[in-house]
Amino acid sequence: LHAAQAAHPRIAQRFTGPKYLQIVGNHDRVAGPANNAVDEWLVEKDGLKLVFTHGHQYDPWSQKLRLVSEAIIWFSGWMARFGTDFFIRFFDWLHNVLSRTTADGALGPSEVKLVSSGRRRGAHITIMGHTHVPGITHHSDHILVNSGHCLRGQFHWVGVDTESRKI
């Protein structure tokens with residue numbers, strides 16, 4: 001981690017400044033403690049409560065099959081270094097099929113848990129990204145937002161205007 005930060009000091013410095021709070025994902029087990037990252041963040045602004053989380057904490061595949069998941073990512077990462085991202089795309093797709101995550105607004109078991117957790121905390125919006133499937137789904141009194149990913153030349157992001165309540 002320190003070698004990567006030293007190789008890219010402008011980026012590392014930018015994201016460790018006071019303007020940013022790092023949320024730990026399932027592949028950040030080293031970066032999390034080293035950068036004082038948090039698992040989740042509940043914030044209230046302009047009367048709007050938001051939960052920011054990566055979301056892996058609610059995914060049984062990440063929790064119960066952690067070593068398998070990490071081995072797949074390690075293997076896929078090395079294959080990408082050799083010029084193919086087929087394995088990353090395939091295992092991403094397979095994970096979403098097995099966890100019933102779709103882009104059509106239907107909730108898989110992990111997303112149901114995320115919405116329930118947000119509601120228990122009194123949040124209006126939960127923002128997550130674990131499944132890499134970008135989207136916004138409305139569930140009566142709660143909104144679940146998936147920030148998507150920054151992979152394979154695509155860059156997704158989420159903006160929330162707390163005053164106008166626009167996402």
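The paragraphs below go through a predicted model, starting with a strand and its partners and moving on to two helices, the salt bridges and the surface.

Strand β5, residues 142-146, is a mostly covered element, with 5 of its 5 residues buried. Its side chains point in two directions: H142, L144 and N146 go one way, and I143 and V145 go the other way. Residues on both sides are buried.

Two strands pair with β5. Strand β3, residues 125-128, runs parallel to β5 and shares 4 bridges with it. Strand β4, residues 135-139, is antiparallel to β5, and that pairing has 5 bridges. V145 can be used to follow both pairings. On the β3 side, V145 is the bridge partner of I127. V145 is also the bridge partner of I136. The strands β4 and β5 form a hairpin with 2 residues between them, and in this hairpin S140 has a positive phi near 45°.

Helix α7 covers residues 109-120. Its 12 residues reach 17 Å from the first C-alpha to the last, close to the 16 Å expected at 1.5 Å a residue. Which residues of α7 are buried? They are S110, E111, L114, V115, S117 and G118. Viewed down the helix axis, these buried residues fall within an arc of 160°, so they line one face of α7.

Helix α6, residues 86-98, can be examined in the same manner. With 13 residues at 1.5 Å each, α6 should span 18 Å, and its end C-alpha atoms are indeed 18 Å apart. D92, H95 and N96 are buried in α6. They take up an arc of only 95° around the axis, which puts them on the same side of the helix.

The structure holds 2 salt bridges. In one of them R121 pairs with E40, and the closest N and O atoms are 2.7 Å apart. R121 sits in the loop between α7 and β3, while E40 belongs to strand β1, residues 40-45, so this pair ties together parts that are 81 residues apart in sequence. Are these two residues buried or partly exposed? R121 is partly exposed because its relative accessible area is 32%, and E40 is partly exposed at 21%, given that buried means under 20%.

D141 forms a salt bridge with R119, again with the closest N and O atoms 2.7 Å apart. D141 is in the loop between β4 and β5 and R119 is in helix α7, so the pair links parts that are 22 residues apart in sequence. R119 counts as partly exposed because its relative accessibility is 36%.

What remains is the surface. W61, L65, V68 and L98 make a nonpolar surface patch of about 330 Å². Of these residues, L98 is placed in helix α6. L98 has 44% relative accessibility and therefore counts as partly exposed. Helix α6 thus contributes to this patch through L98, and it also carries the buried residues D92, H95 and N96.

Finally, E163 lies in the segment after β5. Its relative accessibility is 68%, so E163 counts as exposed, whereas the residues of β5 itself are buried. The C-alpha atom of E163 is separated by 14 Å from that of V43, although the two residues are 120 residues apart along the chain.

Methods
Residues numbered from 1 in each chain as written. Predicted model: local features only at pLDDT ≥ 70, side-chain atom pairs only at ≥ 80, totals over all residues. Heavy atoms only, no water. Patch = residues over 30% accessible without salt bridge, like charges linked within 9 Å, V, L, I, M, F, W, Y side chains within 5 Å. Areas by Shrake-Rupley, 256 points an atom, 1.4 Å probe, with all protein chains shown as cover. Salt bridge = Lys/Arg side-chain N within 4 Å of Asp/Glu carboxyl O. Buried < 20%, exposed > 50% of the residue type's maximum accessible area, 1.4 Å probe, protein only. Pairing = 2+ DSSP bridges. Expected span 1.5 Å × (residues − 1). Arc of directions from axis to C-beta.
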